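Hi,

Here is the model I promised to pass on. Have a look at it first, and then read my notes below.

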Amino acid sequence: MILSAEIECYFYHCQSLKDKRAILQRILTRIRQKFNFAVAEIDFQNQWQRSKIALVTVSTVKEVAEKEYQQVLKLIDSFPEIELTITEIEWL
């Protein structure tokens, strides 16, 4: 099973792209270190208060991938500077 997700985020208190990228880099690095997910920013690269992140993982069991995805969402929610606005999940 392949889990593909797109997450739109809103950044509070960012005054520049540099601020946004510093926060986003911390989040993406932590996801890569802790979880079996490929992750990248795929949209809104030039907007300093918005971002769209893509996540992809492969698992033999759907429940394992779903559980790990929920843990990734909790990790992102643990950052007070960011709010998740839209999440879309697709199973392939």
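In which strand does Glu83 lie? Glu83 belongs to strand 4. One thing to keep in mind as you read: this is a predicted model, and everything below was computed from it.

Staying with Glu83 for a moment, it counts as partly exposed, at 33% relative accessibility. Its C-alpha atom sits 5.2 Å from that of Tyr10, although the two positions lie 73 residues apart along the chain. Setting aside neighbours within four places in sequence, the contacts of Glu83 are Glu8, Cys9, Tyr10 and Tyr12.

Now to strand 1, which is where you'll find Ile7. Is Ile7 buried or exposed? Ile7 has a relative accessible area of 0%, so it is buried. Ile7 and Leu84 are 77 residues apart along the chain, yet their C-alpha atoms are separated by 6.9 Å. Leaving out neighbours within four places in sequence, Ile7 has a long list of partners: Ser51, Lys52, Ile53, Leu55, Tyr69, Leu73, Ile76, Leu84, Ile86 and Thr87.

Ile7 also turns up in the largest nonpolar core, which has 25 residues. The members that touch the most others are Ile7, Ile31, Phe37, Leu55, Tyr69 and Ile76. Strand 1 (2-11), helix 1, strand 3 (50-58), helix 2 and strand 4 (82-91) each contribute at least two residues to this core. Which element gives the largest share? That would be helix 2, with 6 residues. As background, nonpolar side chains in soluble globular proteins tend to be buried together.

Next, the two helices. Helix 1 (residues 17-34) packs with helix 2 (residues 62-77) at an angle of about 150°, and their axes are 10 Å apart. Helix 1 and helix 2 are therefore roughly antiparallel to each other, and their crossing is right-handed. On the helix 1 side the contact is made by Ile27, Arg30 and Ile31, and on the helix 2 side by Val72, Leu75 and Ile76. Sorted by type, the residues of this contact are 5 nonpolar, no polar and 1 charged. Ile31 and Ile76 are in the helix contact, and they also appear among the core residues that touch the most other members.

Then there is Lys20, which lies in helix 1. Lys20 is a lysine you may want to look at on screen, as its relative accessible area is 0% and it is buried. Beyond neighbours within four places in sequence, Lys20 is in contact with Phe11, Cys14, Glu41, Phe44, Gln45, Gln47, Trp48, Arg50 and Ser51. Lys20 and Glu81 are 61 residues apart in sequence, with a C-alpha to C-alpha distance of 9.3 Å.

Last, a couple of backbone oddities. Most residues other than glycine have a negative phi, and most peptide bonds are trans. His13 has a positive phi, near 65°, and Phe44 has one of about 60°. His13 is in the loop between strand 1 and helix 1, whereas Phe44 is in the loop between strand 2 (38-43) and strand 3. Are these residues buried or exposed? His13 is exposed, with a relative accessible area of 69%, while Phe44 counts as buried at 15% relative accessibility. Phe44 is also one of the contacts of Lys20.

Cheers

Conventions
Residues numbered from 1 in each chain as written. Predicted model: local features only at pLDDT ≥ 70, side-chain atom pairs only at ≥ 80, totals over all residues. Heavy atoms only, no water. Axes fitted to C-alpha atoms, helices over the stretch in contact; angles between N-to-C directions. Helix = DSSP H or I, 4+ residues; strand = E, 2+ residues; numbered from the N terminus. Parallel < 35°, antiparallel > 145°, perpendicular 65-115°, else oblique. Left-handed = near helix turned anticlockwise from the far one by under 90°. Contact = heavy atoms within 4.5 Å. Nonpolar A, V, L, I, M, F, W, Y, C, P; charged D, E, K, R; others polar. Core = buried A, V, L, I, M, F, W, Y, C linked by side-chain atoms within 4.5 Å. Buried < 20%, exposed > 50% of the residue type's maximum accessible area, 1.4 Å probe, protein only.
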